[in-house]
Amino acid sequence: MKFIYPAIIRKTEKGTYRAVFPDLESCEAEGETLEEAVELANEAASDWISLELSEDDGELPPVSDPRDVELKEGDVVRNICVNVRFTDGWDE
């Protein structure tokens, strides 16, 4: 199953790039470059979503429209796509 959530990526004072997800509480990543921040944001979102889905009452939050997210000058918004393969209950 595919999940897509927007990440807001902002350059920090120390020159790195920090990605935060407005919809995924406490889900964030930081990389030396924009590309690395996107890659690490993908991993963080994948871990966050997988953990949430493993809970008995796990429920994913609705996805924000990137146009509704408050941005600062220089912010970059990237839609992060996470593919989760469900294997429980499947005979392979």
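Here is a short tour of a predicted model, going from its sheet to a helix and then to two cysteines.

**Stop 1: the sheet.** Start by colouring the strands. You'll find an open sheet of four, ordered β3-β2-β1-β4, with antiparallel pairing. Now pick out residues 28–31 (β3) and 76–83 (β4): these are the edge strands, and each has a single partner, so one side of each lacks a neighbour in the sheet. Tilt the view and look along the sheet; from one strand to the next, the twist averages 30°.

**Stop 2: the β1/β2 pair.** Next, select residues 2–11 for β1 and 17–20 for β2. Four bridges join this pair, running in the antiparallel sense. Want one spot to zoom in on? Show Ile9, and you'll see Ala19 of β2 standing opposite.

**Stop 3: the helix.** Add residues 34–54, which make up helix α1. This helix packs on the sheet and touches β1, β2, β3 and β4. Check its direction against that of β4: the angle is about 45°.

**Stop 4: the cysteines.** Show Cys27 and Cys81 as sticks. How many disulfides does the structure hold? Zero. Put a distance label between the two sulfurs and it reads 14 Å; Cys81 has the closest cysteine sulfur to that of Cys27, and that is too far for a bond, given that a disulfide needs the sulfur atoms within 2.5 Å.

Finally, switch on the surface. Is Cys27 buried or exposed? Cys27 is buried, at a relative accessible area of 4%. Cys81, with 29% relative accessibility, counts as partly exposed.

Key:
Residues are numbered from 1 along each chain as its sequence is written. This is a predicted model: local features need pLDDT of at least 70, side-chain atom pairs count only at pLDDT 80 or more; totals for chains, interfaces and linings use all residues. Side-chain values use heavy atoms; hydrogens and water are left out. Two strands pair if DSSP finds at least two bridges between them. Helices (H or I, at least four residues) and strands (E, at least two) are DSSP runs, numbered from the N terminus. Axes are lines fitted to C-alpha atoms, for helices over the stretch in contact, and angles run from 0 to 180 degrees between N-to-C directions. Contact means heavy atoms within 4.5 Å. Buried means under 20% relative accessible area, exposed over 50%, partly exposed in between (1.4 Å probe, protein chains only).
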